[in-house]
Amino acid sequence: MGNYIEVRWHGRAQQGVVTAAKVLGEACLRSGKYVQAFPEFGPERMGAPVRAYNRVSDEPIRLHCQVSDPGYVLIADSTLIGTVNVTEGAPDDAVFIVNTHKSSEEMRKELGLAGKKARVFTLDASRISLDTLGRLMPNTPLLGALAKATGFVTLDALMENFKENYSKKFSSKVIEGNVEAMKRGFSEAKGE
Amino acid sequence: MAITMTKGQAGLTGNSAIAYAMKQINPDVSPAYPITPSTGIVEEFSSYVADGAVETELITVESEHSAMSACIGASAAGARVMTATSAQGLALMWEMLYVASGMRLPIVLTDVNRALSAPINIHCDHSDTMGARDAGWIQLYSETVQEAYDNLIQAVRIAENKNVLLPAMVCLDGFITSHAIENITLIDDAAVKEFVGEYRPVHSLLDTDNPVTMGAMTLQDSYIEFKRQQSEAMARARDVVIEVGREFGKKFGRAYGLFETYRLDDAEAAIVILNSAAGTTKVAVDELRKQGRKVGLLRPRLFRPFPFAEIAEALKNVKALAVLDRADSMSGFGGPVFNEVRSALYELEKRPRVISRIYGLGGRDYKVKDALAVFDDVLKIAATGKVDTLQKYITL
């Protein structure tokens, strides 16, 4: 149906998945792509399950419906597995990236993907964010992990976009912490 | 908010793009009462005001009725006035919308389309602006973030044109467009300033050398003449929309007309649909064209005044079409867009068959498969000339 990539983010309100989708969109735009980044809003309350989406394409994107069969699924909070259907609609060869201290083999089982073609990557994004930012912000390491697991966005594009777009909003300490979180997310994501 | 551009492109939500256009237009007065999903417009614009990036007097009021009342007062005084709202907000403005248009005040309003209560819902449909379609406001609809931005800049010129002098609303889809980041090409501040020009009101209550009366009582002796003039001004807006859209295209490379057609030239079956869902429908058109099916799309941009003759001309060779409405007129004959399109086609010697489909109320997702299912019906009608179901709800 057209040459584009679709991404779905799962998290809980306040974990930054809406911002992560925004930052990913901006980084892809910097690389000359056409992008969409949009949240799925419901009744908003802290801790409630939240989804956000991206579309990325070499051509202008005309679709304005929700993403229903994402090739890439990022899960910022593994306690959502079993509560929210995180594999819903994802094709057989989808890529899953999960914030967890567990191995990708264990996570593959939990996701019900044992023996399936899907690729599963894990990283302890919560710990990385505590180390680099001093608070729970699993979204930034997940972006780094996405760059490792896929070819459509590079770590450099993510880091450069963040430095350029957010230097006015955040202190240099926050910028450096986020860039470090992306780098560590990139190097610590493991799986296949 | 700092906006960074890459090769002239930025990634902005519809709300940010509208707020940015308002910053570039720099209206004299902006009375506002924020409401979901248009809140972001007022929020970001108020930052521009606080930062001194604009000279606008932002008036925070206690309701949308007051917001529109303040718009009317400021506009009658001779100011360039802009505001934004959604759903219940526009509904609460209702009484004052008619005062604004009757007094011929070129106020520009952005409506981020949202369903009306009850049941309460914050998501997209067009019930709000369709309810205001007879309020004497020019209505421009927008498919994308880019078009919403471009429409707002053009709306100022259209509304303030001396042959028009009517308020205008620019409509974009709640959440789908207002909260989605898309690529957008922004125009330089100076170029926007030049394009909209300096506002010189034809009449101003503050011009004491040339006193005027506005909003006076008129009875059987003259009310109907006022309304006739207003109606004629609205009809003239059609030409101004064409003129301004053409000039915008020449200056900035994106030309706009009364409506957009997509692969319609040799189409036998077509869908007529507003705003963001037209994009999704175009993807369905491409799918079917690959299979050799002759399908196309017409997306009205200007809904008030309704360009009935031009739309009838554009659709005259189609055998059958579906008009999709994201609003219901509740036991009227189909949805509001259907009413207009079908009525416009009545003047043709040989008329296409037309069906009505109501979709996507309260933000219900409208997918490519939904458009394909509608095309399936329309292609059958085109082949047989027989209509099974004239009106129905889809995306249920």
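The largest cavity in this predicted model encloses about 30 Å³ of space. A single cavity of 30 Å³ or more is counted here, so readers new to the structure have one enclosed space to locate, as a cavity is a set of points where a 1.4 Å probe fits but cannot get out. Its walls are built from B:Met22, B:Ser30, B:Ala32, B:Ile41, B:Val42, B:Phe45, B:Leu58, B:Thr83 and B:Ala84. Sorted by character, the residues lining the largest cavity comprise 7 nonpolar and 2 polar ones, with no charged residue in the set. Three elements of chain B each bring at least two residues to this lining, namely strand 2 (29-32), helix 2 (39-50) and strand 4 (82-85). Of the contributing elements, helix 2 of chain B gives the most, with 3 residues.

Attention can now turn from the cavity to an open space. The second largest pocket has a volume of about 1000 Å³. It is lined by 35 residues, and those closest to its centre are B:Ser101, B:Gly102, B:Met103, B:Arg104 and B:Gln230. Two elements of chain B, helix 4 (87-102) and helix 8 (223-252), are the ones that give two or more residues to the lining of this pocket. Helix 8 of chain B supplies the most, with 7 residues.

The lining of the second largest pocket also has a mixed make-up: 19 of its residues are nonpolar, 11 are polar and 5 are charged. Both domain 1 (4-252) and domain 2 (259-393) of chain B take part, each providing at least three residues of the pocket lining.

A further feature to follow in the model is the meeting of the two chains. The size of an interface is often given as the accessible area lost when the parts come together. For chain B and chain A, the area buried between them is about 2300 Å², and 59% of it lies on carbon and sulfur atoms. On the chain B side, 29 residues are in contact, while chain A contributes 22 residues.

Across this interface of chain B and chain A, 1 salt bridge is found. It joins the side chains of A:Arg62 and B:Asp286, with an N to O distance of 3.5 Å. This pair counts as a salt bridge because the rule asks for a side-chain nitrogen of Lys or Arg within 4 Å of a carboxyl oxygen of Asp or Glu.

Notes: Residues are numbered from 1 along each chain as its sequence is written. Chains are lettered from A and ligands numbered from 1 in the order in which they are written. This is a predicted model: local features need pLDDT of at least 70, side-chain atom pairs count only at pLDDT 80 or more; totals for chains, interfaces and linings use all residues. Side-chain values use heavy atoms; hydrogens and water are left out. On a 1 Å grid over the protein atoms alone, a cavity is a set of points where a 1.4 Å probe fits but cannot get out, and a pocket is an open set with protein on both sides within 12 Å along at least five of seven lines; lining residues have an atom within 4 Å of a point. Grid points are joined across faces, edges and corners, and a volume is the space filled by probe spheres set on the points. Helices (H or I, at least four residues) and strands (E, at least two) are DSSP runs, numbered from the N terminus. Ala, Val, Leu, Ile, Met, Phe, Trp, Tyr, Cys and Pro count as nonpolar, Asp, Glu, Lys and Arg as charged, and the others, Gly among them, as polar. Domain bounds come from an automatic or database domain assignment. Contact means heavy atoms within 4.5 Å. Buried area is the accessible area (1.4 Å probe) that two parts lose on being put together, summed over both.
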